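Colleague: Could you give me a close look at how the helices pack in this model, and then at the spaces within the fold? I'd like the contacts residue by residue, please.

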Amino acid sequence: MRRHSEIRQSAAVSAVLLVLLFALPLAVVVPFRTELFSADPTAVESEREPFQPGDLDGEMVLKVLVGDAVEEMTLGEYLVGVVRAEMPASFEPEALKAQAVAARTYTLYKMQTGGNHGDTADICTDSTCCQAYISEENARNNWGEDADAYEEKIETAVRETDGEAILYGGVPILAVFHSSSAGQTRASGEVWVNDLPYLQAVASPEPADSIPNYYSRVEFTAEEFREKVLSAQPDADLSDDMGGWLQNAVTDTAGSVETVEVGGVTVKGSTLRSILGLRSACFEWEAADGKLVFFVTGYGHGVGMSQYGANQMAKEGADYREILTHYYTGVTVEPYTSAAMG
(Lines give C-alpha, C1' and ligand atoms only; values in the text may rest on other atoms or scores of the structure.)
Protein backbone atom coordinates (compact mmCIF):
# COMPACT_ATOMS: atom_id res chain seq x y z
CA MET A 1 0.00 0.00 0.00
CA ARG A 2 2.84 2.32 0.90
CA ARG A 3 4.49 1.66 -2.46
CA HIS A 4 1.19 2.39 -4.27
CA SER A 5 0.90 5.64 -2.32
CA GLU A 6 4.43 6.66 -3.29
CA ILE A 7 3.65 5.86 -6.94
CA ARG A 8 0.50 7.98 -6.82
CA GLN A 9 2.40 10.87 -5.20
CA SER A 10 5.12 10.58 -7.83
CA ALA A 11 2.52 10.62 -10.61
CA ALA A 12 0.84 13.65 -9.08
CA VAL A 13 4.14 15.51 -8.84
CA SER A 14 4.91 14.62 -12.45
CA ALA A 15 1.51 15.90 -13.55
CA VAL A 16 2.09 19.17 -11.72
CA LEU A 17 5.50 19.52 -13.29
CA LEU A 18 4.04 18.88 -16.74
CA VAL A 19 1.38 21.52 -16.15
CA LEU A 20 4.02 24.01 -15.02
CA LEU A 21 6.23 23.11 -17.96
CA PHE A 22 3.52 24.18 -20.42
CA ALA A 23 1.83 26.86 -18.33
CA LEU A 24 4.90 28.95 -17.50
CA PRO A 25 5.68 29.87 -21.10
CA LEU A 26 2.04 30.80 -21.59
CA ALA A 27 2.08 32.88 -18.44
CA VAL A 28 5.02 34.83 -19.86
CA VAL A 29 3.62 35.18 -23.39
CA VAL A 30 -0.06 35.97 -22.70
CA PRO A 31 0.47 39.46 -21.22
CA PHE A 32 2.46 40.44 -24.35
CA ARG A 33 0.44 38.46 -26.88
CA THR A 34 -1.04 41.60 -28.47
CA GLU A 35 2.37 43.12 -29.07
CA LEU A 36 3.81 39.88 -30.40
CA PHE A 37 1.06 38.56 -32.60
CA SER A 38 -1.60 41.21 -33.14
CA ALA A 39 -2.37 42.29 -36.69
CA ASP A 40 -3.73 45.56 -35.28
CA PRO A 41 -1.72 48.36 -36.96
CA THR A 42 -1.79 50.40 -33.76
CA ALA A 43 0.84 48.02 -32.43
CA VAL A 44 3.42 49.51 -34.76
CA GLU A 45 2.28 53.13 -34.94
CA SER A 46 4.16 56.01 -33.38
CA GLU A 47 3.69 56.34 -29.64
CA ARG A 48 3.43 60.14 -29.88
CA GLU A 49 0.40 61.72 -28.28
CA PRO A 50 -2.30 63.10 -30.61
CA PHE A 51 -1.87 66.80 -31.44
CA GLN A 52 -3.39 69.17 -28.91
CA PRO A 53 -3.88 72.73 -30.20
CA GLY A 54 -3.27 75.81 -28.07
CA ASP A 55 -6.13 77.49 -26.24
CA LEU A 56 -7.02 80.00 -28.95
CA ASP A 57 -6.78 77.59 -31.88
CA GLY A 58 -8.60 74.97 -29.84
CA GLU A 59 -11.65 77.09 -29.13
CA MET A 60 -12.51 77.58 -32.80
CA VAL A 61 -14.16 74.61 -34.53
CA LEU A 62 -14.25 74.61 -38.32
CA LYS A 63 -16.42 72.84 -40.85
CA VAL A 64 -13.87 71.57 -43.36
CA LEU A 65 -14.93 70.21 -46.74
CA VAL A 66 -12.74 67.14 -47.37
CA GLY A 67 -13.67 65.76 -50.77
CA ASP A 68 -17.45 65.44 -50.65
CA ALA A 69 -17.69 65.16 -46.86
CA VAL A 70 -17.72 67.90 -44.23
CA GLU A 71 -15.58 67.20 -41.17
CA GLU A 72 -15.41 69.18 -37.94
CA MET A 73 -11.97 69.93 -36.55
CA THR A 74 -10.37 72.64 -34.46
CA LEU A 75 -8.51 75.44 -36.18
CA GLY A 76 -5.27 74.02 -34.77
CA GLU A 77 -5.89 70.54 -36.16
CA TYR A 78 -6.73 71.99 -39.57
CA LEU A 79 -3.62 74.20 -39.61
CA VAL A 80 -1.30 71.28 -38.91
CA GLY A 81 -2.69 69.56 -42.01
CA VAL A 82 -2.24 72.72 -44.07
CA VAL A 83 1.37 73.35 -43.01
CA ARG A 84 2.20 69.69 -43.72
CA ALA A 85 0.95 70.18 -47.27
CA GLU A 86 2.02 73.74 -48.03
CA MET A 87 5.65 73.92 -46.85
CA PRO A 88 8.48 71.35 -46.80
CA ALA A 89 8.86 70.06 -43.22
CA SER A 90 12.64 70.24 -43.65
CA PHE A 91 12.43 74.05 -43.61
CA GLU A 92 13.64 76.13 -40.67
CA PRO A 93 11.36 76.27 -37.58
CA GLU A 94 10.85 80.04 -37.93
CA ALA A 95 9.80 79.63 -41.57
CA LEU A 96 7.30 76.96 -40.53
CA LYS A 97 5.94 79.33 -37.89
CA ALA A 98 5.57 82.05 -40.52
CA GLN A 99 3.68 79.55 -42.70
CA ALA A 100 1.43 78.57 -39.79
CA VAL A 101 0.51 82.21 -39.12
CA ALA A 102 -0.06 82.92 -42.82
CA ALA A 103 -2.30 79.85 -43.12
CA ARG A 104 -4.23 80.79 -39.98
CA THR A 105 -4.70 84.33 -41.28
CA TYR A 106 -5.84 83.12 -44.68
CA THR A 107 -8.40 80.87 -42.97
CA LEU A 108 -9.74 83.69 -40.79
CA TYR A 109 -9.94 85.97 -43.83
CA LYS A 110 -11.95 83.36 -45.73
CA MET A 111 -14.33 82.95 -42.80
CA GLN A 112 -14.85 86.69 -42.41
CA THR A 113 -15.46 87.28 -46.11
CA GLY A 114 -17.85 84.38 -46.57
CA GLY A 115 -15.43 81.93 -48.18
CA ASN A 116 -16.34 79.83 -51.20
CA HIS A 117 -18.72 77.28 -49.71
CA GLY A 118 -21.64 79.21 -48.20
CA ASP A 119 -23.25 77.49 -45.22
CA THR A 120 -21.83 74.09 -46.22
CA ALA A 121 -18.30 74.61 -44.91
CA ASP A 122 -15.91 77.26 -43.66
CA ILE A 123 -12.99 76.10 -45.80
CA CYS A 124 -11.90 73.16 -47.95
CA THR A 125 -8.81 71.06 -48.61
CA ASP A 126 -8.60 71.79 -52.36
CA SER A 127 -5.50 73.91 -53.05
CA THR A 128 -7.09 75.38 -56.20
CA CYS A 129 -9.91 76.78 -54.05
CA CYS A 130 -8.59 77.33 -50.52
CA GLN A 131 -5.39 75.76 -49.13
CA ALA A 132 -3.71 72.40 -49.59
CA TYR A 133 -4.16 69.88 -46.76
CA ILE A 134 -2.76 66.45 -46.01
CA SER A 135 -3.56 63.99 -43.22
CA GLU A 136 -0.91 62.84 -40.76
CA GLU A 137 -1.07 59.30 -42.12
CA ASN A 138 -0.42 60.37 -45.71
CA ALA A 139 2.27 62.83 -44.67
CA ARG A 140 4.05 60.13 -42.67
CA ASN A 141 4.04 57.86 -45.70
CA ASN A 142 5.76 60.62 -47.66
CA TRP A 143 8.27 61.48 -44.92
CA GLY A 144 9.45 57.95 -44.13
CA GLU A 145 12.00 57.68 -41.33
CA ASP A 146 11.84 61.45 -40.67
CA ALA A 147 8.11 61.32 -39.89
CA ASP A 148 8.28 61.76 -36.11
CA ALA A 149 10.71 64.68 -36.28
CA TYR A 150 8.83 66.42 -39.08
CA GLU A 151 5.44 66.03 -37.44
CA GLU A 152 6.84 67.42 -34.19
CA LYS A 153 8.30 70.45 -36.02
CA ILE A 154 4.98 71.28 -37.65
CA GLU A 155 2.88 70.76 -34.54
CA THR A 156 5.30 72.97 -32.61
CA ALA A 157 5.07 75.70 -35.27
CA VAL A 158 1.27 75.75 -34.96
CA ARG A 159 1.21 75.49 -31.18
CA GLU A 160 3.86 78.16 -30.56
CA THR A 161 1.98 80.67 -32.73
CA ASP A 162 -1.38 79.84 -31.13
CA GLY A 163 -4.06 82.25 -32.32
CA GLU A 164 -1.63 84.67 -33.98
CA ALA A 165 -2.68 86.34 -37.22
CA ILE A 166 -1.40 88.96 -39.66
CA LEU A 167 -3.52 92.08 -39.23
CA TYR A 168 -3.90 95.26 -41.25
CA GLY A 169 -6.07 97.87 -39.58
CA GLY A 170 -6.86 95.30 -36.90
CA VAL A 171 -8.38 92.66 -39.20
CA PRO A 172 -6.93 89.53 -40.85
CA ILE A 173 -5.44 90.05 -44.31
CA LEU A 174 -5.61 88.00 -47.49
CA ALA A 175 -2.35 86.24 -46.59
CA VAL A 176 -1.42 84.69 -49.92
CA PHE A 177 1.93 83.00 -50.40
CA HIS A 178 3.91 81.26 -53.12
CA SER A 179 6.87 78.94 -53.50
CA SER A 180 9.57 81.24 -54.89
CA SER A 181 9.76 84.59 -56.63
CA ALA A 182 12.37 85.99 -58.99
CA GLY A 183 14.21 87.88 -56.24
CA GLN A 184 11.30 90.25 -55.65
CA THR A 185 7.64 89.67 -54.93
CA ARG A 186 4.85 91.28 -56.93
CA ALA A 187 2.15 93.74 -55.93
CA SER A 188 -1.31 92.18 -56.03
CA GLY A 189 -2.52 94.75 -58.57
CA GLU A 190 0.11 93.52 -61.02
CA VAL A 191 -1.38 90.04 -60.93
CA TRP A 192 -5.05 90.40 -59.99
CA VAL A 193 -7.70 93.12 -60.15
CA ASN A 194 -7.27 94.78 -56.76
CA ASP A 195 -4.12 96.43 -55.46
CA LEU A 196 -4.04 95.80 -51.72
CA PRO A 197 -1.85 98.01 -49.50
CA TYR A 198 -0.32 95.07 -47.65
CA LEU A 199 0.47 93.06 -50.81
CA GLN A 200 3.20 95.20 -52.34
CA ALA A 201 6.45 94.30 -54.07
CA VAL A 202 9.37 93.64 -51.70
CA ALA A 203 12.84 92.16 -52.10
CA SER A 204 13.05 88.41 -51.54
CA PRO A 205 16.29 86.50 -50.86
CA GLU A 206 15.70 83.47 -53.08
CA PRO A 207 18.51 80.87 -52.75
CA ALA A 208 18.28 80.01 -56.45
CA ASP A 209 20.90 77.25 -56.41
CA SER A 210 19.01 75.24 -53.80
CA ILE A 211 15.47 75.61 -55.17
CA PRO A 212 14.26 72.67 -57.30
CA ASN A 213 13.33 73.78 -60.83
CA TYR A 214 13.92 77.45 -59.98
CA TYR A 215 14.76 77.90 -63.64
CA SER A 216 12.52 75.92 -65.98
CA ARG A 217 12.24 75.57 -69.74
CA VAL A 218 9.02 74.80 -71.62
CA GLU A 219 8.56 74.48 -75.36
CA PHE A 220 5.51 74.33 -77.62
CA THR A 221 5.07 73.45 -81.26
CA ALA A 222 3.13 75.98 -83.32
CA GLU A 223 0.04 73.77 -83.20
CA GLU A 224 0.28 73.21 -79.42
CA PHE A 225 0.63 76.91 -78.73
CA ARG A 226 -2.17 77.83 -81.12
CA GLU A 227 -4.56 75.29 -79.60
CA LYS A 228 -3.93 76.43 -76.00
CA VAL A 229 -4.15 80.15 -76.72
CA LEU A 230 -7.16 80.10 -79.05
CA SER A 231 -9.20 78.06 -76.56
CA ALA A 232 -8.87 80.97 -74.11
CA GLN A 233 -8.32 83.92 -76.47
CA PRO A 234 -10.24 83.14 -79.68
CA ASP A 235 -9.63 86.65 -81.10
CA ALA A 236 -5.86 86.16 -81.22
CA ASP A 237 -4.44 86.09 -84.75
CA LEU A 238 -1.91 83.27 -84.89
CA SER A 239 -1.87 82.83 -88.66
CA ASP A 240 1.47 84.48 -89.47
CA ASP A 241 5.00 83.41 -88.58
CA MET A 242 5.23 82.34 -84.93
CA GLY A 243 8.15 84.70 -84.38
CA GLY A 244 5.64 87.56 -84.25
CA TRP A 245 2.95 85.93 -82.15
CA LEU A 246 4.23 87.45 -78.90
CA GLN A 247 5.10 91.15 -78.84
CA ASN A 248 5.40 94.26 -76.67
CA ALA A 249 5.81 92.62 -73.28
CA VAL A 250 5.58 94.99 -70.30
CA THR A 251 7.45 93.78 -67.22
CA ASP A 252 7.26 94.90 -63.61
CA THR A 253 10.11 95.66 -61.22
CA ALA A 254 10.37 91.95 -60.36
CA GLY A 255 10.92 91.04 -64.02
CA SER A 256 7.55 89.36 -64.32
CA VAL A 257 5.38 89.97 -67.36
CA GLU A 258 2.52 92.35 -66.58
CA THR A 259 1.02 92.33 -70.08
CA VAL A 260 1.96 90.97 -73.47
CA GLU A 261 0.32 91.06 -76.89
CA VAL A 262 -0.55 87.55 -78.08
CA GLY A 263 -1.66 87.51 -81.68
CA GLY A 264 -2.58 91.18 -81.37
CA VAL A 265 -4.62 90.70 -78.17
CA THR A 266 -3.25 92.20 -74.94
CA VAL A 267 -3.37 89.70 -72.06
CA LYS A 268 -1.95 89.70 -68.55
CA GLY A 269 1.25 87.78 -68.01
CA SER A 270 -0.49 85.84 -65.23
CA THR A 271 -3.23 84.89 -67.70
CA LEU A 272 -0.77 83.60 -70.27
CA ARG A 273 1.05 81.75 -67.52
CA SER A 274 -2.20 79.97 -66.66
CA ILE A 275 -3.03 79.24 -70.31
CA LEU A 276 0.37 77.67 -70.96
CA GLY A 277 0.85 76.06 -67.54
CA LEU A 278 4.10 77.91 -66.81
CA ARG A 279 5.56 77.85 -63.30
CA SER A 280 5.42 81.65 -63.00
CA ALA A 281 4.78 84.84 -64.98
CA CYS A 282 8.47 85.70 -64.87
CA PHE A 283 9.32 84.42 -68.34
CA GLU A 284 11.12 85.20 -71.56
CA TRP A 285 10.71 83.39 -74.87
CA GLU A 286 12.24 82.76 -78.25
CA ALA A 287 11.15 81.14 -81.49
CA ALA A 288 13.61 78.44 -82.50
CA ASP A 289 13.49 75.32 -84.69
CA GLY A 290 9.77 75.62 -85.30
CA LYS A 291 8.92 75.94 -81.60
CA LEU A 292 8.19 78.64 -79.03
CA VAL A 293 10.53 78.13 -76.08
CA PHE A 294 9.83 79.77 -72.69
CA PHE A 295 12.45 80.33 -70.01
CA VAL A 296 10.79 80.70 -66.60
CA THR A 297 12.11 81.84 -63.21
CA GLY A 298 10.50 80.99 -59.85
CA TYR A 299 7.26 79.22 -59.03
CA GLY A 300 3.87 80.68 -58.17
CA HIS A 301 1.99 83.95 -58.59
CA GLY A 302 4.72 85.90 -56.81
CA VAL A 303 2.41 87.77 -54.41
CA GLY A 304 2.83 87.83 -50.61
CA MET A 305 5.26 85.56 -48.79
CA SER A 306 7.83 83.60 -50.74
CA GLN A 307 8.28 80.30 -48.92
CA TYR A 308 11.86 79.76 -50.06
CA GLY A 309 12.60 83.39 -49.32
CA ALA A 310 11.12 82.96 -45.84
CA ASN A 311 13.30 79.92 -45.25
CA GLN A 312 16.38 81.85 -46.33
CA MET A 313 15.50 84.72 -43.98
CA ALA A 314 15.11 82.19 -41.15
CA LYS A 315 18.52 80.72 -41.94
CA GLU A 316 19.95 84.22 -41.68
CA GLY A 317 18.46 84.69 -38.20
CA ALA A 318 15.04 86.29 -38.76
CA ASP A 319 12.16 85.14 -36.59
CA TYR A 320 8.68 84.49 -37.95
CA ARG A 321 7.35 87.95 -37.08
CA GLU A 322 10.23 89.60 -38.92
CA ILE A 323 9.56 87.37 -41.93
CA LEU A 324 5.86 88.19 -41.99
CA THR A 325 6.21 91.94 -41.51
CA HIS A 326 8.77 91.95 -44.34
CA TYR A 327 6.57 90.18 -46.88
CA TYR A 328 3.30 91.84 -45.88
CA THR A 329 3.56 95.63 -45.85
CA GLY A 330 2.33 97.67 -42.88
CA VAL A 331 0.95 94.76 -40.86
CA THR A 332 1.10 93.61 -37.26
CA VAL A 333 1.32 90.03 -35.99
CA GLU A 334 -0.71 89.37 -32.86
CA PRO A 335 -3.32 87.05 -31.35
CA TYR A 336 -6.76 87.25 -32.94
CA THR A 337 -9.45 85.44 -30.97
CA SER A 338 -12.65 83.82 -32.14
CA ALA A 339 -14.53 86.47 -30.15
CA ALA A 340 -13.15 89.05 -32.57
CA MET A 341 -14.82 87.13 -35.40
CA GLY A 342 -18.14 88.38 -34.08
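Modeller: Happy to; what follows goes through the helix pairs, then the pocket and the cavities.

This is a predicted model, in which local features need pLDDT of at least 70 and side-chain atom pairs count only at pLDDT 80 or more, while totals for chains, interfaces and linings use all residues. Numbering starts from 1 along each chain as its sequence is written, and side-chain values use heavy atoms, without hydrogens or water.

Let's start with helix H5, residues 93-112 (helices, H or I, are DSSP runs of at least four residues, strands, E, of at least two, numbered from the N terminus). H5 packs against helix H7 (residues 147-159) at an angle of about 55°, and their axes are 8 Å apart (lines fitted to C-alpha atoms, for helices over the stretch in contact, with angles from 0 to 180 degrees between N-to-C directions). H5 and H7 are therefore oblique to each other (under 35 degrees is roughly parallel, over 145 roughly antiparallel, 65 to 115 roughly perpendicular, the rest oblique). The crossing of H5 past H7 is right-handed (the near helix is turned clockwise from the far one by less than a right angle). On the H5 side, the contact (heavy atoms within 4.5 Å) is made by Leu96, Lys97, Ala100 and Arg104. H7 contributes Lys153, Ile154, Ala157 and Val158. By class, these contact residues are five nonpolar, no polar and three charged (Ala, Val, Leu, Ile, Met, Phe, Trp, Tyr, Cys and Pro are nonpolar, Asp, Glu, Lys and Arg charged, the others, including Gly, polar).

H5 has another partner in helix H12 (residues 320-327): the two axes come within 8 Å and cross at roughly 55°. That makes H5 oblique to H12, and H5 passes H12 in a right-handed crossing. From H5, Glu94, Ala95, Lys97, Ala98 and Val101 meet Tyr320, Ile323 and Leu324 of H12. Six nonpolar, no polar and two charged residues make up this contact. Lys97 is worth a look, since it takes part in the contact with H7 and also in the one with H12.

Elsewhere, helix H9 (residues 222-232) and helix H10 (residues 269-276) cross at roughly 125°, their axes coming within 9 Å. H9 and H10 are therefore oblique to each other, and the crossing is right-handed. H9 brings Phe225, Lys228, Val229 and Ala232 to the contact, where Leu272, Ile275 and Leu276 of H10 join them. The class count for this pair is six nonpolar, no polar and one charged.

Now for the spaces. The largest pocket holds about 750 Å³ (on a 1 Å grid over the protein atoms alone, a pocket is an open set of points with protein on both sides within 12 Å along at least five of seven lines, whereas a cavity is a set where a 1.4 Å probe fits but cannot get out; lining residues have an atom within 4 Å of a point). Volume is the space filled by probe spheres on points joined across faces, edges and corners. The pocket is lined by 22 residues, with Glu86, Ser127, Phe177, His178 and His301 closest to its centre. Strand E6 (177-178) and helix H11 (307-315) are the elements giving two or more residues to that lining. Twelve of the lining residues are nonpolar, eight polar and two charged.

Two cavities of 30 Å³ or more turn up in the whole structure. The largest cavity encloses about 70 Å³. Of its 14 lining residues, Arg186, Ser256, Ser280, Gly300 and Gly302 lie nearest the centre, and the lining divides into three nonpolar, ten polar and one charged. The second largest cavity encloses about 40 Å³. Ten residues line this second cavity, and Leu56, Asp57, Met60, Leu75 and Tyr336 are nearest its centre.
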